[in-house]
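Me: Could you take a close look at a single part of this model, and explain each term as you use it?

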Amino acid sequence: MTEHATVKAALMSQAIETPSWAYGNSGTRFKVFARPGVPRTPQEKLDDAAKVHEFTGAAPTVALHIPWDTVDDYAALAEHARDRGLALGAVNANTFQDDAYRLGSVCHPDPAVRRKALDHLLACVDIMDATGSRDLKLWFADGTNYPGQDDIHERQDRLAEALAAVYERLGDEQRMLLEYKLFEPAFYTTDVPDWGTAYAHCLKLGPKAQVVVDTGHHAPGTNIEFIVATLLREGRLGGFDFNSRFYADDDLMVGAADPFQLFRVMCEVVRGGGLTADVAFMLDQCHNIEEKIPAIIRSVMNVQEATAKALLVDREALAAAQRTGDVLEANAVLMDAYNTDVRPLLAEVREEQGLDGDPMAAYRRSGWATKTAEERIGGRQAGWGA
């Protein structure tokens, strides 16, 4: 197989999971702006997700968020997804939107609150059993606002105890993906603030516990690609939550803030074998002012473009320059790949898959936005208020 064909084959096999919550009304903590045609049910979210996959060919799974996607029959929801050419992906637990969690969930000082949170996590594994989902994704808003508010050491003990109970409940083919975030909503300490904390907990649990790298969850200037390379080297990179942030929050479209950073991250993914390993490429974005489906299509395309550029790096030339200490040449090899316009290549890949070379234009022509705006009248739109 030629190098060009190898690159195309890798791009054709790439799968990017989209988040159900990105199809609903979402946004900042200050205001959520509703739009016509927004889904009212988990089934309608899947209908929209099917359009993303239809036009990109690269988004075959959809992550659920519980309780936002609660239904009476999860097996039927999985069947609804299959009927639309999709599968249900990661199940995301929610331990941050209940009044009981004001002081934390699994790290709360009250055992009754910790039990409530743990029961929810275990119920999410039950949902995975029904949907056939592989991954349970955990992000905890737990933390403290003031020095002395709670015992930092004990909070880590409580976290470890809960994670161990969930880990024990997982099936043989299921995984726990532990996400970290530098801060927010806690102002003083966050209980899982960085990749090292997440990695330490996962290491003690066992191989079914993996770390999630959310590309928006880092301090300015953090070398995310180093984290990715290290976790890949250790066999502990379970997945990504792809998004962007400019200041202190996240959830903008991936690649919006720093496409060069996304390229550098994907270079380490390619180098570390992440494209062929069990690394879940997931989006985690919330759209406040932009249209939902086009924004998700754009993010999928941004990940594809960064991946294509990373695959085009001349690895032999790069290795030769690195061996001889040719700093400028090594950098130039990377920059040559980054500066390549890969849009024609990706258009060619899509056309060989029987798709339109321009997913955004194809979606606009489909009339789906007009159709859903006319049909989704009444009921309560999915999302959360602010």
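Reply: What follows is about one pocket, with a short look at a pair of helices at the end. The model is predicted, so local features need pLDDT of at least 70 and side-chain atom pairs count only at pLDDT 80 or more, while totals for chains, interfaces and linings use all residues. Residues are numbered from 1 along each chain as its sequence is written, and side-chain values use heavy atoms, leaving out hydrogens and water.

The second largest pocket (an open set of points on a 1 Å grid over the protein atoms alone, where a 1.4 Å probe fits, with protein on both sides within 12 Å along at least five of seven lines) has a volume of about 430 Å³, a volume being the space filled by probe spheres set on the points, which are joined across faces, edges and corners. Its lining, meaning residues with an atom within 4 Å of a point, is made up of 27 residues, and Ala15, Glu17, Thr61, Arg134 and Ala280 lie nearest the centre. Two or more lining residues come from each of helix H1 (3–13), helix H3 (74–83), strand E3 (87–93) and strand E10 (280–283), where helices (at least four residues) and strands (at least two) are DSSP runs numbered from the N terminus. Strand E3 gives the most to this lining, with four residues. By class, the lining of the second largest pocket has 14 nonpolar, eight polar and five charged residues; Ala, Val, Leu, Ile, Met, Phe, Trp, Tyr, Cys and Pro count as nonpolar, Asp, Glu, Lys and Arg as charged, and the others, Gly among them, as polar.

As for the pair of helices, H8 (residues 259–271) packs with H11 (residues 327–338) at an angle of about 115°, and their axes are 11 Å apart; the axes are lines fitted to C-alpha atoms over the stretch in contact, and angles run from 0 to 180 degrees between N-to-C directions.
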